[in-house]
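Reader: Could you walk me through this one? I would like to start with a small detail and then step back to the whole chain.

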Amino acid sequence: MFGFGKDDTNALTMNQPHPDSLLDTGVQGVISKPLDRVDGPKKVTGTATYAAEYAIENIAHGVLVSATQGHAKIKSIDADAVKAIPGVIDVITDYDTFIRNSQQGGETSAPTQGVRTIDYFGEIIAIVVAESFEVARDAAKRLKVDYEPLDDAAFDYEANKDKAEPAPDGLIKGHYDQGDFDKAFENAPVKIDVTYTTPSQNSAAMEPHASIAVWDDGALTLYGAYQMPTSDAQQLAKALGVAQSKVRIISRYIGGGFGSKLGIAPESVAAAIAAKQLGRPVKAVMLRQQVFDATVRRSNTEQRMRLGAEAGGRIVALGHESITSNLPDEDFFEPVGIGTHFLYGGENRRINHDVVRLNWTLSGSMRAPGEAVGMVGMECAMDELAEAIGMDPIALRKVNDPQQDPELKVPYSSRNLTRSLEEGAKHFGWDQRQAPGQRREGDWLIGMGVAAACRSNQLQQSAAKVELHPDGSATVSSAMTDIGTGSYTIMAQIAAEILGLPIEKVTMSLGDTNDPPAAGSGGSWGAASAGSAVYLAAERVREKLAKAMGVKAEDLTLKDGMAIGDNRSVPLAELVGKDGLSAIGEIKPGQQEKQFNQASYGAHFAEVGVNVVTGEVRVRRMLGVFAAGRVLNAKTARSQCLGGMTFGIGTALTEELIHDPRTGKLVNHDLAEYHVPVNADVPQLEVHFLDERDIHANPIHAKGIGELGISGAAPAVVNAIYNATGVRVREMPVTLDKLLDHLPAL
Ligand code: MOS
C-alpha cells in the first residue's frame, strides 16, 4: 500500500487562505465546463468492470447466510447437512471476528463482534461456498441454525424511547447548550413547539455490496465496491489480523454508495476468510435483502423543535432536540442538529441528541448524515414560525441569516444563503404563492414551499500522482473513487486545465490502494480533497516544465499540449524527456477549518399538487439554487443536485423502512417494497449555481456539493404540501393516509 509523504511531493496544509488558483489563470478552458463523463462510454457499453464482474480463474461462489432471529445466541449450525449437497465446497461459520459495517471507516474499534451473538435480524452469520452461485444460494437457504433467544432484546422504538440516553460526543457534541434557552423560550413573544419524525431509511444504491477475494502468498487483493478504499483496506486488514501492507482494495467503479459503502460490509470479510481457508478466490455478492438488513440504515429520528422569536422574526431561542436509534455500544449517532449549529442565529440555543439502543440494523451515515433529515425538523419549523409571525418564510430566513457562526463566533468562509433564496424566488415565481389552501385546479390543491439548503464542508487528507509521459499525454492516479459522482471527469479536468492538455490526453486511474492514498468519496469531501491533490501534483509538474523550458513558472502558459513562454512555443513532448515528469500532490486540512466555518448553502423551492379526493401528493416542479464554491463540472455538479433533490422527494413522500416490533426484522427490505422515487414521481427539476469561490477551503476553491442537494429538499416539499392544503403533517413520509382525513370536502 502506498503511503503519504513520499518523495517529490507538493504538500499543502490549509493553514492560510489560498487566494490564487491556477484554475483561474489556466487557459485550456476545460475547468467548470459541462463535459461528458470520461468514464461514460465504458459504463454505457458495459465495459466498466464492477466489483462482482472480474473474471478470475477457479473462482468459488459464496452466498451469505442471514440470522433469522433479532437477538439470540447461536446454539448450533448444522453445516454438515448442506456440505453433503453436490457442488458445495464449504460452510464457514467459525470465524470469531465478524464485521458490522462500520461507518467510521475503521477509525473506531466498534466493528468487530462475536458471531455467536445475534444483535439484529438479518445479521450475517455464515458464508456457504459452492462451485456455482445457484448451489451456494440453495445450500444457504437450507442451512439449519439453532438459536437461543436472549431476553434483553429491544425491538420497538416507541416502547423503548424513554430509555434514550445522551449521545456520546463525536463529530458534534451529544448535548449543546448556549445562553439560557429555557428562559429565552419562555419569554419569547412568538413561539412554536412541534415534533417532527422521520423513519429509518436505506441508501438503496443500485449495485449491491460485492467482493471478490484473491490471496497470493499471504497478500489479499479484494475487488470491492467501496467509497473509501484507503481506510477500508486498513479496516479489512484489522478485521483479518494481517498487516495493512498485505491488503489491497480495488474499487474502480461503484454503483452508488450514499454512505452504505463508506466502511467495509460483511461480504468483504466473509469472502476474504473463505478464500484464505479454501485456497482459491471467492466471490460474495450480498442479496438485495441482505443489503437492506445487514449493511447500514439511516436512523429514524424524532425531533422536538422549539423556536422562540421576536415579533420581527429574529430568533431568540432555538431548540432542536432529537432522539435516534442505534445498536448497543455503537458510537455513531445520526447528527440531526449538525446544520442547526450554524444555519441561523439566536443567542440561546439547545441542540441535543439522545440515542435509544435497539436491536435494529446498524445505523450509520447515509447521504448528508444530519442535515438530510435534521433539516426536515429545522426547515419545517421555520415555515411554522413564519406563519405564526405572519411573515414570508424567505423574509424570516433572511432576518436570521447570521454574520458569523453563532456558536463558534468565527466568520463563514463563504456563505450565500440569502442570495440563493432571492435568486430562487425570482426564478421560481415565489411571488405567485398564495395563502394555504387557496389555490385549486379541479381536484388538485396547489401549493409552494421553500427551505434553505446547507451542508458542512470538510477537507480530508488526500494524495494523487500526476505523470506527464514522453508523448505529451498524462496519467492521474489516486486511491480516490468515483461512486457515480464524476470524480474521474473532474480530476481529469483539473489536471488538463493546469497542464494545458485537451481532456482526451488525460488518463485516469482511481480506486486502487496501490496508488497514492486518498480519503475517497464521503461527506462531500471527495472532489475538493482529491481534486486539490491533483492540483498540487499538476502544479509541481508545471514547475518542472518551466524549469525544462528555462522560464519562471509564473511566466509559463500551457495550452493544447504546448508550452509557451519567453517568446517560444514548445510541444510538451519535447520538454518532458524520455522518462517523463511526475509529482505527487498532497492536501491536508489545517487552521482554515478552525478559523472559519466552512459550509455550502442553497435554497430549495417546490410546487406540489395534492388531490382532494385521494390525498395523493404529486411534486409538480422543483428548483434549487446552490452556492458551493467553484463548480468543477457544470454537468456532473448538476447531476449531484438532481440526485439530491430526488432523494429529498423520497424523504418527503415515499421512503420508510418498517421494523417489525416483535423481532426488529425489516419488513420491506427490497426495492419493490421500499419506495424510492421513480421517474414518474420526479418532475422537471431545475438547478442553478451561484458563482462563488472559497479561498479558505482549498486551492481549487470548491466546496462539497454531493450532499448539498438533499439537505433541505424534503422540507421544501413538505412545506409546499402545507401551503397547498393547510394541513401540517409532521410524520415523514407524507403518505396519503396522513392527509386524507384532513382535506377539505369536495
Ligand atoms: Mo456519505 S453518507 O459520507 O457517503
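**A hairpin, then the whole protein**

Author: This is a predicted model, and in it Gly565 has Arg568, a residue of strand 29, as its bridge partner.

Reader: And how many bridges join strand 28 to strand 29, and do they run parallel or antiparallel?

Author: Strand 28, which covers residues 562–565, and strand 29, which covers residues 568–571, run antiparallel and are joined by four bridges.

Reader: What do strand 28 and strand 29 form, and which residue in the turn has a positive phi?

Author: The two strands form a hairpin with two residues between them, and in that turn Asp566 has a positive phi of about 55°.

Reader: Stepping back, how many helices and strands does the protein have?

Author: There are 20 helices and 33 strands in the protein. Its radius of gyration is 26 Å, close to the 27 Å that the globule rule gives for 746 residues, so the protein is as compact as a globular protein of that length.

Reader: What percentage of the residues count as buried?

Author: Of the 746 residues, 63% count as buried, while the accessible surface of the protein comes to about 26,700 Å², with 48% of that belonging to carbon and sulfur atoms.

Reader: Switching to charges, how many positive and negative side chains are there?

Author: The protein has 72 positive and 95 negative side chains, and the centres of these two sets lie 2 Å apart.

Reader: Last one: among contacts between residues at least 6 apart in sequence, what share joins residues at least 24 apart?

Author: Among those contacts, 82% join residues at least 24 apart in sequence.

How values were computed: Residues numbered from 1 in each chain as written. Predicted model: local features only at pLDDT ≥ 70, side-chain atom pairs only at ≥ 80, totals over all residues. Heavy atoms only, no water. Rg over C-alpha atoms; globule rule 2.2 N^0.38 Å. Buried < 20%, exposed > 50% of the residue type's maximum accessible area, 1.4 Å probe, protein only. Contact = heavy atoms within 4.5 Å. Areas by Shrake-Rupley, 256 points an atom, 1.4 Å probe, with all protein chains shown as cover. Lys, Arg positive; Asp, Glu negative; His and termini not counted. Charge placed at Lys NZ, Arg CZ, Asp CG, Glu CD. Pairing = 2+ DSSP bridges.
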